[in-house]
Amino acid sequence: MSAPPEIPAVPDVRKKLTLKVFGVGGAGCNAAGSAAQAGFAELEFLAINTDSQALSVTPVAAKFVLGASRTRGLGAGGDPDLGRAAAEEDVEKLRGFCNGSDIIFLLAGLGGGTGTGAAPVIARIARESGALVLALVTLPFEFEGARRQLQAQTGLQRLKAAADAVICLPNQKLFKLLDEKTSVLEGFAISNSLLTEGLRGIWRLLTQTGLINVDFADLCSVTRGRHAASLFATAEATGEKRAEQAMEKLLAHPLLDGGQVLTESDSVLISVAGGPDLMMAEINKLMEPLRRQCENAHIIFGAAIDQQFAGRISVTLIASSQPQHDKPAMPLPLPEVSPAASVPLEFLDPEAKDRPASRFVAPPPTITDEKKEQLYRGQTGRARKRSSRLQKELPLEIVFKGRFDKSEPTVRHGEDLDVPTYIRQGVPLN
Amino acid sequence: MFDSSSIIVGLEIGTSKICVVVGEINAAGALNIIGVGQARSRGVRKGEICDATLAAEDVRNAIVEAEQMANVEIRSVYLGVTGNHVRGFNNHGVHPVVSADREITAEDVQDVIKNAKAINLPSDHTVVHAIRQHFHVDGQNGILNPVGMYGARVEVDVHVVHGHIDRLKNSIAVVKGLHLEVDEIVFTGLASALALLSNEQKELGSLVIDLGGGTANYAVYAEGIIKHTGVLAVGGDHVSNDLAYGLKVPLGRAEQLKIENGSALIETAIKGETLSTPGELGLPQKPINLEHLRRIMALRLRETFELIESDLSPLALLEHLRAGVFLCGGGARIAGVRELAADVFALPAFLGKTNSISGLKSALDQPEFATAIGLVKFGSLQQKRKPANGFADSLKKTIEEMFKR
């Protein structure tokens, strides 16, 4: 056909990534602090808070008092509006922090003032500066009250709209991990360590070259443009049956709701790290239940061999799903798939064309029903296939259990056997 | 009229029905079935009581029926237990022989079994059975009875069946509430195996699957000893439920369709065939696609067998089963289920016949009664053993203790 595409020069192939971690608000700074102490190479940490007193005890080298003139460094007092205002005030400085980074991790605890209010603003600024923004946030415990929950939800919505991916850790789910004797300190420490774990998993995925490599682009394809909650889980196991154990742990992870999340997700990234003794059969054992769980999902698989993991196996999983109503509104998120020629001109964002560095996404234009029809018909074969595949995932919102609704579920190998077999196996009855 | 000790009653509180079988040990010491009673079960889900009042009422009906048929008064029963919480595994016990001349005594045997029973169970679980498999004396394998032998160390392999203590108590409480004694509780999978298998079949190696209403209980015998037991809380109820959902019919109709038109296999000939039956009012109901019906059933049953197979295959037990697979319980009535089992396990499969006991032909022929008959057989074995070591008494005591707690 045409001339072969130009092969880029070798040194450019693997660009060195600049990664930054911003801890926003009290909880975010704590998490960033514990992550900083956990030791990450190549990661720059920055603690951002409106409360200068809390900031002073944060074990992070770089600190920034947000909105010092507005709050006088006394905190946002649990008011998200104040947090937001403080962040808006310091836009220029924040932009300076963001500049030149490829990926920015935001750690925040939603529900309070600074984290809830400022995090979405920072995410927006970071995104405008051209970085991929991954937010790892905690949602408050139920005992913290309805108001904080409400604030957290509002903040989460804003953050979802602003960041590339939001990974949520509802603290309430932590109770599954805790026993009677866990102290409050330990409880929050677990929350922090989960965030750190998440950070570590993604960081490892991005910085270390694997046998089957998963990199920046893969992560983007799972998270970018989805504006949806991604969930994150890691599991580690050692010993004879480590593959089975790791998978079992992963499927039983409190954040995955007993594997329920996996069935609903449409994109899953899984990265396995093991020692030189990692065996092919083990990878197979790992992937087998996963493949069964998320039949319709796009699975990206990576494996890395690291001496540190001798005798151990560590699995990191990121699953993300698009909310159902988003599907028609978002033709195709990836530029290489998007059939630009067939999309009418008014559908293209001229701004995005002029400034490719900025990844600001304009709000979807309002289109009439006829227009929508026309657009769908105009799409290529590949795009149509994709949407029909997605269509299949629609049912199973409510899992039917009939007469077993109230009884204890029978679970084997991560499957709820009370759900009809033909539904679980996806056998169609026409 | 009868001495109460010669009457043995088996009671199975099943998910779909409650079954009572009355056996009598005649003068010659042989077991004879003299009465059966049954009632539809309404208070049980997945083999466990979910409504004690209804269950008690149903148990009473079944007991009364059996009493009338056998013309006896039932005072105590052997009670079958099952449920998702019941688990079986093999354990090992060691005991040093202490006597001066190193002769192994009956006490040593009791002690080694006690050691084998002292297992690391979850705190809320209790041992239902500890069945001895083999003894080892100073490393010598395959000893069936070491009493009177000489050695320094006696070891034993036991198969332990254990269950959640409170959930076991639930069914015991229902029986006690009717002023009946519980002689012993018996895992139903074990009881079915006792009813169906001859000694020869146990020796050759057999898998017994009791396809009940709410659970599938299974037991593996090889080399004459019990190797494995298990419960899968999937049964006929699940089949009906799948049909009700898949064919969009009420549960009652699904149940009826399962019994009248069900099959575990999908014949290629039925593709596109439909079934229209008149409803209660004589008006034709929504036609049922026969192929869908069969497919839903076949998938569920195949999965059930496959789950059992996946439980057994890591233990390398399937290679030892030369006699084959024996099916009982209501699920054994499904057409083609034998062929399906043969296909999944790659072993010959049979419908179990309780032919090792004499008595009422009508009771012995039905696969549903296998468990209750097995309970009676278990009781007769216990009673024979009773004068020897009082083993049954000790178990009876454990049940009583369970209640005192």
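Helices (H or I, at least four residues) and strands (E, at least two) are DSSP runs, numbered from the N terminus. What you have open is a predicted model, in which local features need pLDDT of at least 70 and side-chain atom pairs count only at pLDDT 80 or more, while totals for chains, interfaces and linings use all residues. Residues are numbered from 1 along each chain as its sequence is written, and chains are lettered from A, with ligands numbered from 1, in the order in which they are written.

Begin by selecting helix α1 of chain A, residues 25-38, whose end C-alpha atoms are 20 Å apart, in agreement with the 20 Å expected for 14 residues (1.5 Å times one less than the number of residues). Of these 14 residues, 12 are buried (20 or more other C-beta atoms within 10 Å of the residue's own, with C-beta atoms placed from the backbone), so the helix is largely enclosed by the rest of the structure. Among the buried residues are A:Cys29 and A:Asn30. Just after α1(A), select A:Gly39, which has a positive phi near 85°.

Next, select A:Gln53 in helix α2 of chain A, residues 52-56. This residue, A:Gln53, counts as exposed (12 or fewer such neighbours) because it has 10 C-beta neighbours inside 10 Å.

Now move to chain B and select the open sheet of six strands, which run in the order β11-β6-β1-β2-β3-β19 with mixed pairing (two strands pair if DSSP finds at least two bridges between them). Strands β11 (181-187) and β19 (358-359) of chain B stand at the edges with a single partner strand each, so one side of each is left without a neighbour in the sheet.
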